[in-house]
Amino acid sequence: MVLKEFNNCTGPYLSDWRFVSSSRLANPDIFTTNCYEMLDQLFDKLKIFKSMSKYSDEEQYSFYFRLSKGTAEQYMDYSDFKEIYEVKSKKEYYKRFNKWFPRKWYWFSAFFRRSVLEDGTYYQIYIAGSNYIYAYNGPSEWRNKGHYPEDYSMLIKPLFSWVDALIEMASKDGYKDFVTKHMDYRMRNGKILYKEYWELYPEEKTRYRAIFKGVDVAEFTKHFKDGEISEDAATRFPQLTANKYCELFKIASTAIGRSYDDSLSLQENFHRNSDGRNKKLDNISPDSPEEFDKWYKENKHHFDHTFEMRSRYGRIDLYVEMDSKGYYLLINGRDMYESAEIMRIYLALYHHGVKTFIYDPEDHINHYLGNHYRSVDDEESIFGTRFPKNKIKQFIAKVEWQEPNIIERKTK
């Protein structure tokens, strides 16, 4: 009964807006006072629903709705279609229309956001997923300077009946249950464990595991379980010099495949293999602990580019940190493709006699095992051509779907 009731709950208003060109609604540069008043009236209508915003100065409402495909004539007049796409007959027109829209029903979302800022109000409205209105009632220098001479109130006015239809639909009993049960998976967000994803798509697991070739994951795991990768266990240096750090940097960067030129000094090689924004570490006296200490304390180095090294999968950080016990090293990197490199760096330094600290080392072990999640938030993840069509149902069944954020009526 619910399914039948909500098949047509959106009314005729929404179908009129389904294929409105984005260019007609985008970048409305010329807004009159009347336009802003109309937008505020729209948002005031939505106040009967609970806002999902996290911030006190913001209102945010989301709706989901389903529309039938409709007829080709509702999509575009044949004469316009013939001129734009150069079809030779109505038969060809219908054939193209059915190819573009093969399914009977299509899901869309509506999103409304109003943020009250110190110097104005920002409005954001998404219609049917792609058509949108941006407006900012603030200083003129913040607005785009374009060529839109028309009065945009003419585009905002039809939204009133459209919003009324949304409110009527969302106020019905059963709306939330209908969306939760029947909304197209293309519209949903979720997550799946990599190891379960790899069961369906073993080629991807093979490609990923190949980057761990030569890495002793078992040894790294043992060090983690023995508590040797913690901040407290990290080797402390009462003093450091530029050369000493560059020597440790060389051990780390060569472990991940960076090359060194023996004709150059440690500092010169460091400059070649680091990020390059090193605040002139390669210019200070190489063997002076006093100069290193002065250089370190005069610069802000926490989560800084200074200690970044180039790797095959981005940039890994070999930070120098300091506490009351002295200097120590911190390896930083969180991306799953950096995990193999981080293990290589840690083990190379460990075998050199230096224990380093890593944030959440267990994450890198879980990356290897597939005990971490892959987000599912785009159409390609579920129905894209790169995913085997015969495994889509198994994939959907394994995903932990998040319940859609659905607006609710305020309760008295």
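This tour visits a four-stranded sheet and then a charged patch in a predicted model.

**The sheet as a whole.** Begin by selecting strands E6, E7, E8 and E9, which form an open sheet in that order, with mixed pairing. Strands E6 (308-311) and E9 (357-358) stand at the edges; each has a single partner strand, so one side of each is left without a neighbour in the sheet. As general background, strands of a sheet pair through backbone hydrogen bonds, either parallel or antiparallel.

**From E6 to E7.** Next, select E6 together with E7, which pair in the antiparallel sense over four bridges. A hairpin of two residues joins E6 to E7. To view one bridge, display Glu308 and its partner in E7, Asp317.

**From E7 to E8.** Now select residues 314-323, strand E7, and residues 326-332, strand E8. In which sense do E7 and E8 pair, and over how many bridges? Their pairing is antiparallel, over seven bridges. Display Val320 and, opposite this residue, Leu329 in E8. Then display Asp323, whose bridge partner in E8 is Gly326. The hairpin that joins E7 to E8 passes through two residues.

**The charged patch.** Leave the sheet and select Glu73, Asp77, Asp80 and Glu83, which gather on the surface as a patch of negative charge. One of these residues, Asp80, lies in helix H6, residues 78-85. Is Asp80 buried, partly exposed or exposed? Its relative accessible area is 41%, and Asp80 is therefore partly exposed, since that class lies between the limits of 20% and 50%.

Methods: Residues are numbered from 1 along each chain as its sequence is written. This is a predicted model: local features need pLDDT of at least 70, side-chain atom pairs count only at pLDDT 80 or more; totals for chains, interfaces and linings use all residues. Side-chain values use heavy atoms; hydrogens and water are left out. Patches are made of residues with over 30% relative accessible area and no salt bridge: like charges are joined within 9 Å, nonpolar side chains (Val, Leu, Ile, Met, Phe, Trp, Tyr) within 5 Å. Accessible areas come from the Shrake-Rupley method with a 1.4 Å probe; for residues, only the protein chains shown count as cover. A salt bridge is a side-chain nitrogen of Lys or Arg within 4 Å of a carboxyl oxygen of Asp or Glu. Lys and Arg count as positive and Asp and Glu as negative; His and the chain ends are not counted. The place of a charge is taken as NZ of Lys, CZ of Arg, CG of Asp or CD of Glu. Buried means under 20% relative accessible area, exposed over 50%, partly exposed in between (1.4 Å probe, protein chains only). Two strands pair if DSSP finds at least two bridges between them.
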